[in-house]
Amino acid sequence: MQEVIQVNTPQNTNTARWLACFAFALSLLTLGGCASNAYPPLSSAEGQPPTHDYLIGPGDSVNIIVWRNPEVSMTVPVRPDGKITTPLVEDLPASGKTATHLARDIEKALAKYIQEPIVTVIVTGFVGPYSEQIRVIGQAAKPQALPYRDEMTLMDVLIAVGGTTDFAAGNKASIVRNVGGKQQQLGVRLDDLIKDGDMSANVPMRPGDILIIPESFF
């Protein structure tokens, strides 16, 4: 039997390298297309966050009513530094407080000038503190920060931002959430929710959540 000896010419070597690179790239694309969300899934069965009182934030407006003292009753904005200024009361911190808490603080400040003041605070605008806003970044139609509302869900957030773009990898989206003082990144399925109507993907949101919608590469 005649032995066949293969000679590795430069052309054969280059062809082999090209085929190896092509096979490697094809395997990456295949894996990328089939890969599931890299983060632990966030389940719709997760309990709703405890009911909490609305906290005032920069950009809100507060209507301050001082009983029997209309001259010091007015509507004022909460400044970017989180403080308010009213007649007889200057630079009073308001951000992060409930309306009731702020009313009691105003009463203490006015007590220097008015005998036993009775104050009511009504909040309008509803922006809320930054720590409680829902932030949506990435391939959303209108990325933005949203004020958190009681019993808010992922679907509510997607409606508010106009859904996702054509380039979004919806089922690889994630939510960054503060759990027990530590940040966790949890996977959500936007495509299943939006395109397939799978309501099991409609998870509850929590104050301070960050929704990240990545871009699809193919």
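**Figure 1. Phe126 and Tyr54 form an aromatic pair in this predicted model.** Phe126 is partly exposed, since its relative accessible area is 39%. Tyr54 is likewise listed as partly exposed, with a relative accessible area of 28%. Both values lie between the limits of 20% for buried and 50% for exposed residues. The structure holds one aromatic pair. The ring centres of Tyr54 and Phe126 are 5.3 Å apart and the ring planes stand at 75°, so the arrangement is edge-to-face. Distant parts of the chain are linked by this pair, as Tyr54 and Phe126 are 72 residues apart. Tyr54 belongs to the loop between helix H1 (10-34) and strand E1 (61-66), whereas Phe126 belongs to the loop between strand E5 (119-124) and E6.

**Figure 2. Thr98 lies in a loop and touches the segment that contains Tyr54.** The loop in question runs between strand E4 (89-93) and helix H2 (99-110). When residues up to four places away in sequence are not counted, Thr98 touches Asp53, Tyr54, Leu55 and Ile56. Thr98 and Tyr54 are 44 residues apart along the chain, yet 6.1 Å separates their C-alpha atoms. The side chain of Thr98 also reaches the backbone nitrogen of His101, at 3.1 Å.

**Figure 3. Strands E2, E1 and E5 form an open sheet with antiparallel pairing.** The order of the three strands is E2-E1-E5. Strand E2 (74-77) and E5 stand at the edges with a single partner strand each, so one side of each has no neighbour in the sheet. Neighbouring strands are turned by 25° against each other on average, with direction ignored. Six bridges connect E1 and E5 in the antiparallel sense. In this pairing, Ser61 stands opposite Thr124 in E5. Helix H2 packs on the sheet and touches E1 and E5, and the direction of H2 makes about 135° with that of E5.

**Figure 4. Five strands build an open sheet with mixed pairing.** Their order is E7-E6-E10-E8-E9. Strand E7 (144-146) and strand E9 (182-187) are the edge strands, each pairing on one side only. On average, neighbouring strands of this sheet are turned by 20° against each other, direction ignored. Strands of a sheet pair through backbone hydrogen bonds, either parallel or antiparallel. The next two views present one pairing of each kind.

**Figure 5. E6 and E10 run parallel and are joined by four bridges.** Val136 has Leu211 in E10 as its bridge partner. Ile137 is matched in E10 by Ile212.

**Figure 6. E6 and E7 pair in the antiparallel sense.** Three bridges hold this pairing. The two strands are joined by a hairpin through five residues. Ile134 has Leu146 in E7 as its bridge partner.

**Figure 7. The largest nonpolar core has 23 residues.** In soluble globular proteins, nonpolar side chains tend to be buried together. The residues with the most contacts inside this core are Leu154, Val157, Val188 and Leu211. At least two residues of the core come from each of strand E6 (134-138), helix H3 (154-160), helix H4 (190-194) and strand E10 (210-213). H3 supplies the largest share, three residues. A second, separate core has 20 residues, among them Val89, Leu92, Leu102 and Ala103.

**Figure 8. Val188 is in contact with residues from several parts of the sequence.** With neighbours within four places in sequence left aside, the residues in contact with Val188 include Leu154 and Leu211, which are also among the residues with the most contacts inside the largest core. The other contacts of Val188 are Asn37, Leu42, Gly170, Asn171, Lys172, Ala173, Ser174, Ile175 and Val203.

**Figure 9. The whole chain contains four helices and 10 strands.** From the N terminus on, the elements follow the order α-β-β-β-β-α-β-β-β-α-β-β-α-β. The chain has 218 residues, of which 33% count as buried. Among contacts between residues at least 6 apart in sequence, 57% join residues at least 24 apart.

Definitions and conventions. Residues are numbered from 1 along each chain as its sequence is written. This is a predicted model: local features need pLDDT of at least 70, side-chain atom pairs count only at pLDDT 80 or more; totals for chains, interfaces and linings use all residues. Side-chain values use heavy atoms; hydrogens and water are left out. Contact means heavy atoms within 4.5 Å. A polar contact is a pair of N or O atoms within 3.5 Å; within protein, one must be able to donate a hydrogen and the other to accept it, and residues adjacent in sequence count only if both atoms are side-chain atoms. A nonpolar core is a set of buried Ala, Val, Leu, Ile, Met, Phe, Trp, Tyr and Cys residues joined through side-chain atoms within 4.5 Å. Buried means under 20% relative accessible area, exposed over 50%, partly exposed in between (1.4 Å probe, protein chains only). Rings of Phe, Tyr and Trp (its six-membered ring) pair if their centres lie within 6.5 Å; planes under 30 degrees apart count as stacked, over 60 as edge-to-face and the rest as tilted. Two strands pair if DSSP finds at least two bridges between them. Axes are lines fitted to C-alpha atoms, for helices over the stretch in contact, and angles run from 0 to 180 degrees between N-to-C directions.
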